[in-house]
Amino acid sequence: MTLKDWLKSGWLTEHQTSRQEIADLLRVIDRDLADCKAVGLSPDWQLSIAYNAALQVATAALAACGYRASREAQHYRAIQSLLFTMGAEPTMVARLEAFRKKRNVSGYERTGTVSEQEARELAALVTQLRVEFLEWLSRSRPDLLED
């Protein structure tokens with residue numbers, strides 16, 4: 001399976017990105033990584049904010065490859081696409097997928113399902129993912145990095 005197969009299946013749409021779009025997404029990622037550590041937030045919200053940062057990394061990587069996730073299962077596709085865009089480790093993607101499911105439960109069904117440890121773990125994982133994204137971007141699409 002490739003991103004071109006995903007495009008043919010309607011799971012992605014073609015997208016022309018820009019240096020500005022990538023810079024804006026990086027600012028959202030950085031904001032969310034800072035905000036998820038704010039004192040007084042419940043672990044549910046900390047995880048949700050950290051998850052949004054992960055989603056924006058995946059969105060930026062897809063954009064750098066010329067795609068955007070379609071509406072149906074958008075979050076799932078964006079996270080799974082990290083395997084094809086950045087060549088992320090399957091274990092990292094599996095962990096992000098588990099956190100995506102946990103976020104859905106805590107955001108839509110029940111409160112108190114996220115521990116402080118889980119929120120910290122996701123924040124650390126996304127921080128690592130951000131570093132890997134910038135390394136990948138500098139190798140594959142340096143034209144999208146700000147000077």
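**Group meeting: the overall fold and His75**

Of the 147 residues in this protein, 44% count as buried, and I should say at the outset that what we are looking at is a predicted model.

Let me begin with the architecture. The secondary structure comprises six helices and two strands, and if you follow the sequence along, these elements come in the order α-β-α-α-β-α-α-α. The radius of gyration is 15 Å, close to the 15 Å that the globule rule gives for 147 residues, so the protein is as compact as a globular protein of that length. Along the principal axes, the C-alpha trace spans about 40 × 35 × 25 Å. When we take the contacts between residues at least 6 apart in sequence, 71% of them join residues at least 24 apart.

Turning to the surface, the protein exposes about 7900 Å², of which carbon and sulfur atoms supply 51%. As for charge, the mean position of the 19 positive charges and that of the 20 negative charges lie 3 Å apart.

I would like to finish with one residue, H75, which sits in helix α4, residues 74–85. Is H75 buried or exposed? Neither label applies, because its relative accessibility is 28%, and partly exposed covers the range between the 20% limit for buried and the 50% limit for exposed. Which residues does H75 touch, once its neighbours within four places in sequence are left aside? The contacts are with Y51, L55, R100 and R103. For a sense of spacing, the C-alpha atoms of H75 and A54 are 10.0 Å from each other, with the two residues 21 apart along the chain.

Definitions and conventions:
Residues are numbered from 1 along each chain as its sequence is written. This is a predicted model: local features need pLDDT of at least 70, side-chain atom pairs count only at pLDDT 80 or more; totals for chains, interfaces and linings use all residues. Side-chain values use heavy atoms; hydrogens and water are left out. Helices (H or I, at least four residues) and strands (E, at least two) are DSSP runs, numbered from the N terminus. The radius of gyration is taken over C-alpha atoms; the globule rule is 2.2 Å times the number of residues to the power 0.38. Buried means under 20% relative accessible area, exposed over 50%, partly exposed in between (1.4 Å probe, protein chains only). Contact means heavy atoms within 4.5 Å. Accessible areas come from the Shrake-Rupley method with a 1.4 Å probe; for residues, only the protein chains shown count as cover. Lys and Arg count as positive and Asp and Glu as negative; His and the chain ends are not counted. The place of a charge is taken as NZ of Lys, CZ of Arg, CG of Asp or CD of Glu.
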